[in-house]
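Please open the structure in your viewer and keep the selection tool at hand. Each stop on this tour tells you what to select and then what you will find there.

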Amino acid sequence: MIHGPCPGGPLAIPEVAPIRCRLCVRGIVQGVGFRPYVYNLARRHGLGGFVLNSPRGVFIEVEGPAETVEAFIAALPAEAPPLVRVADVVRTEIPAAGESDFSIHESDAEGSAFALVPPDTCTCEACLEDSRDPVNRRFDYPFTNCTNCGPRYSIIVDVPYDRPMTTMAEFAMCADCLREYRDPHNRRFHAQPNACPVCGPRLILREAKTSSEGPASSREILERVADILRDGGIVAWKGLGGYQLACDARQESAVDELRRRKRRSEKPFAIMVASVASAETLCFVSARERAVLESRERPIVLLRRRPDADLAMAVSPGNPATGVMLPCTPMHDLLFRILRERRGREAALVMTSGNISEEPIVIENAEAEEHLAEIADAFAHHNRRIHTRVDDSVVRVVAGETMLLRRARGYAPQPVFLDRGEAEVLACGAQQKNTLCLTRAGFALPSQHLGDLENFETVRFFEETLERMSRLFHVQPTAVAHDLHPGYLSTQLALKMEGLRHIGVQHHHAHIASCMAERRLEGRVIGVAWDGTGFGTDGTIWGGEFLTADYLGFDRYARLRPVLLAGGDAGVREPWRAARSWLLEAFGEIPAEARWAQMAAPERLRIVDAMLHRRVNTIPTSSAGRLFDAVASLIGLRHSVSFEGQAAMMLEATADGAAGEGCEQPYAFALEGAAPIDVDLRPMIREIVDDVRRGESQAKIAARFHATLVAVIARVCGSMRGELQLERVCLSGGCFQNALLLEGCVRRLRGDGFQVFTHREVPANDGGISLGQAAIACEILRQGS
Ligand SMILES: [Zn+2]
Ligand SMILES: [Zn+2]
C-alpha cells in the first residue's frame, strides 16, 4: 500500500486503539493507602478502569493508549506509598471496554479472607514535624502517626485491617481526628491508629519507690524519666513492640547495675542515639550503614566503635562493635529532645529488651511491673495495648549489603513470595533463634524472632505466635515441617500436632532452601551450609557442609572431616573442649607442653581427655562453628564463653585487625575420600600450633585461619562445578554472619566466575531455617511426593 498525502486537508492523526490490561498485584497492598494511590495515578495518566481489593490481592483494570498504560504499569511499584510492598504483578491483556473514567470499587465480598499485614514502621518526617511544632495540635504527642507510619503488626488483632480489629478499638476518634480519617486528601485518610492528645493513648508513669500519682502530661512524664536516667537510674518503658530497658550509656555504674539486675554477663547492649550525627561521634558509619540506621525499619545496626567513644565499658565489653539504633516513635524522639534541652548535648542511652535473661520481651503493663520489678526503678507505661510482641531487629552491613541477624520489628511479618503452590503449611524452625513460618496463597510468612526454645516462656511465645498468626492470616495448615533433631522443642511440638502430615527436613538442607527461596532460585545449586550444630541424616552433628540441593532433596558432596566433641552442650560453652579434640586429631596425642594445659582446670582436662581417648560421651561432628571455637582457644583468645558464637566473633575481630606480610596466606589442608569428600584440616591445626609455639601474633594466625576457610570453600566449589556443572552457590548458616568469611568467599567465588547468593530477607543463622522448611514442604506437597 502506498501512502500519499490525504486528500482535502492536513494530515489526520490516526486514532490509537486503546488497550485494556488486568493487573493482579500481590504483596502488602491493603491498609497502606494503595487504592487511593492507584486511583490518583490512573487519573493523572488519564486512564479508565477500576481498582478493587480481593482475597487474591488488589485487582486493577486500566484502559487507554498502549504507551500510557505501559507508563502507568512502570510507575505502579516505583512511586507507591512507603508501606506498600509489591511482591508480584500478574498482567493479562483483555478486550477494551471503552471506559474512560477511573473508580475505586467496593471490596469483593470475600475481600477480607486473606491480607498481608505491614510491619511496624518508624515515625515519618511529616509526623515528626507535627509532634515538634508548638502550634500543632499534636505537639509533644508521643503517639502521632499517619497512613505512612506508626504501629501495625504489633496492634492488629485480626483482618480486615480496620480500627475495630486493632488495639486502637478502645479509643474513639475525636471530631478532628475523624475528619482527617475520612478525607482522601489527608495524610491520615484511613490511618487506623490515628490519634491525638484529645482522644488517643497516653503515657502513665509509675515509680517503684513512690505510690503517689505522678505527673500527667507526656512532657512532664518524660522530663521525670530524663531525671531518673541522669541520676543513674533504670527505666522500663513501653516501646513499639514491647518494653525496653533504658539507662545512661555513658555512666559506667548505671550500665553495670543494669547488667547485674538483668543477669547478663557479657552479651553486648544496644544503644539509642537521637541522630546519625550523634552516632558518628561514637562509631564509624558508612553510607550504607547510615541508610539502614535511617530506614523505616529502624533496626539495631552493628557499628565499629571509635577508639575515643565516650561510652561506658560495660556497654559492649571486649567487643569492637556496638549496636546502635535511632528513635522509632515520637515518644523516643521527645525524650531525646528533653535530654538535649537539659544537658546541652546529645544523649546516648542503653536500650535493651525488657526481659530477664533470654525470656521473651514483655508487653503488658502489669506483666512489666511483675517481671521487671527487680530491674527497673521506674516504668513509663502507656494505655495502647501491644497485641503482638516484636523485639528490636539487629542487622549488620557486610560487603555493602544489609544482613539480618535478628528479624523482628520493622521486618516481620513481611512475606517472601514462594510461588510454590497454594499449600498451607507450618514450619517449626530450629531450637536456637527460633522463628516459625506459615504459608498461604503462595506466600511464606516467617514470624518475628521468637528466641531460644529452652525455657517455658519462649515455648509459650511460640504457641502464642502460632495461634495469632494462624488467625491473622487465616491459615489452616495441612502439613507441619520440622527439624530432624529429636531433642529440639520445635521438633517435639511439631510431632505432637495431630491430623497433619509431618515432614522432617534436614537442618542444612533447610538453610540452603531458605536462601534459594528468598532469592527465588529454581533447579539445583551448590549449597555451602556452615554453622554450629545441625542434626545429620546419619545421627551425627553436621555443620561444615557442601551440598548439592534443590527443594526436593540434597546430596552431601563434601564436609569438614569429623572430629569428636566431648560432653554435648558443654562443648558449646567451653571452646577448650573442641581445642583438645583437634589437638588429639592433629597429633595423635595431645602435646604435653604447659601452654595446652592452661585451657581449663587440670581435673577437667583429665576428664575430657579421657572421654576423647575412650570415645565415650562424645559425638562426631563436622561443625565449622566448633572449629572456630577450637582455634580461638588454641591461640589463647578464649577458652570459655557466655553465649554461642562469642569465640568466633572474637576470632573475627582479632583477624580484622591484622595487616602485613603473609596474613592472606592460607594454611595447608587436604581433600580425601568421596561421597562425601572429607576436608582434612589437621595440617592447618599443626601449622597453627607451630605458629603459636613460635610466638606468632594472634591477629596473623586468625587472619590466616579465615584465609584458609575461604580457600577451602573455593576449592570444593570449584571441584563441584567441574564434576556437576553447577554455577550457582548459596552461602547459608550462622558462620556466614562472619563478615570476613562472607566477604572473602563472595569476592573469591565471584572472581572464579560463580553466581553467589547470600541472605537478604531472613537471617543466615537458624532464624532463617523455618523459611527453608516451609519452601521444602510446599514443594513436596506440590509435587505430590
Ligand atoms: Zn506519619
Ligand atoms: Zn483526636
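The tour goes from the metal sites to a sheet with its helices, and then to some special places in the backbone and a buried serine. Keep in mind throughout that this is a predicted model.

**Stop 1: the zinc ion, ligand 1**

Select the zinc ion (ligand 1) and show the side chains of C124, C127, C146 and C149, whose SG atoms coordinate this ion at 2.2 to 2.3 Å. How are the four donor atoms around the zinc ion (ligand 1) arranged? The angles that they subtend run from 105 to 117 degrees, and this makes the arrangement tetrahedral. If you follow the chain through the donors of the zinc ion (ligand 1), you will find them spaced as C-x2-C-x18-C-x2-C. Two of the donors sit in separate elements: C127 belongs to helix 3 (residues 125-132), while C146 is in the loop between helix 3 and helix 4 (175-182), so this pair ties together parts that are 19 residues apart in sequence. Are these two residues buried or exposed? C127 is buried, because its relative accessible area is 0%, and C146 also counts as buried, with a relative accessibility of 0%.

**Stop 2: the zinc ion, ligand 2**

Next, select the zinc ion (ligand 2), together with C174, C177, C196 and C199, which coordinate this ion through their SG atoms at 2.2 to 2.4 Å. The site of the zinc ion (ligand 2) is tetrahedral, with angles of 105 to 115 degrees among its four donor atoms. The donor residues of the zinc ion (ligand 2) have the sequence spacing C-x2-C-x18-C-x2-C. Here C174, in the loop between helix 3 and helix 4, and C196, in the loop between helix 4 and strand 6 (203-207), form a pair that links distant parts of the chain, 22 residues apart. C174 has a relative accessibility of 14% and therefore counts as buried, since buried means under 20% relative accessible area. C196 is buried too, at a relative accessible area of 0%.

**Stop 3: a sheet and its helices**

Now display the backbone as a cartoon and look for an open sheet of six strands, which follow the order 17-20-19-18-21-22 with mixed pairing. Which strands stand at the edges? They are strand 17 (416-417) and strand 22 (501-505), and each has a single partner strand, so one side of each is left without a neighbour in the sheet. Strands of a sheet pair through backbone hydrogen bonds, either parallel or antiparallel. Zoom in on strand 17 and strand 20 (residues 443-446), which pair in the antiparallel sense over two bridges; in strand 20, F443 is the bridge partner of F417.

Add helix 11 (residues 456-472) to the view, and you can see that this helix lies across strand 18 (425-427), strand 19 (437-440) and strand 20, running at about 15 degrees to strand 19. Helix 13 (residues 507-518) also packs on the sheet, where this helix touches strand 17, strand 21 (479-483) and strand 22, and its direction makes about 95 degrees with that of strand 22.

**Stop 4: special places in the backbone**

Most residues other than glycine have a negative phi, and most peptide bonds are trans. With that in mind, select A412 and P413, which are joined by a cis peptide bond with omega of about 0 degrees; P413 is in the loop between strand 16 (401-406) and strand 17. Then go to A675 and P676, where the peptide bond is again cis, with omega near -5 degrees, and where P676 belongs to the loop between strand 28 (670-672) and strand 29 (677-680).

For positive phi values, select A441, whose phi is near 50 degrees, in the loop between strand 19 and strand 20. R615 has a phi near 55 degrees and lies in the loop between helix 16 (602-614) and strand 27 (618-621). A441 counts as buried, at 3% relative accessibility, whereas R615 is exposed, with a relative accessible area of 57%.

**Stop 5: a buried serine**

Finally, select S732, which lies in strand 30 (residues 728-732) and counts as buried at 0% relative accessibility. Which side chain is joined to that of S732 by a polar contact? The partner is H759, and the contact spans 2.7 Å. Leaving aside residues up to four places away in sequence, S732 touches several residues, including H511, I512, W530 and A764.

Methods:
Residues are numbered from 1 along each chain as its sequence is written. Chains are lettered from A and ligands numbered from 1 in the order in which they are written. This is a predicted model: local features need pLDDT of at least 70, side-chain atom pairs count only at pLDDT 80 or more; totals for chains, interfaces and linings use all residues. Side-chain values use heavy atoms; hydrogens and water are left out. Donors are N, O and S atoms within 2.8 Å of the metal (3.2 Å for Na, K and Ca); water is not among the atoms, so sites may look incomplete. Four donors count as tetrahedral if all angles lie between 85 and 135 degrees; four count as square planar and six as octahedral if opposite donors are over 155 degrees apart and all others between 65 and 115; anything else is irregular. Helices (H or I, at least four residues) and strands (E, at least two) are DSSP runs, numbered from the N terminus. Buried means under 20% relative accessible area, exposed over 50%, partly exposed in between (1.4 Å probe, protein chains only). A polar contact is a pair of N or O atoms within 3.5 Å; within protein, one must be able to donate a hydrogen and the other to accept it, and residues adjacent in sequence count only if both atoms are side-chain atoms. Contact means heavy atoms within 4.5 Å. Two strands pair if DSSP finds at least two bridges between them. Axes are lines fitted to C-alpha atoms, for helices over the stretch in contact, and angles run from 0 to 180 degrees between N-to-C directions.
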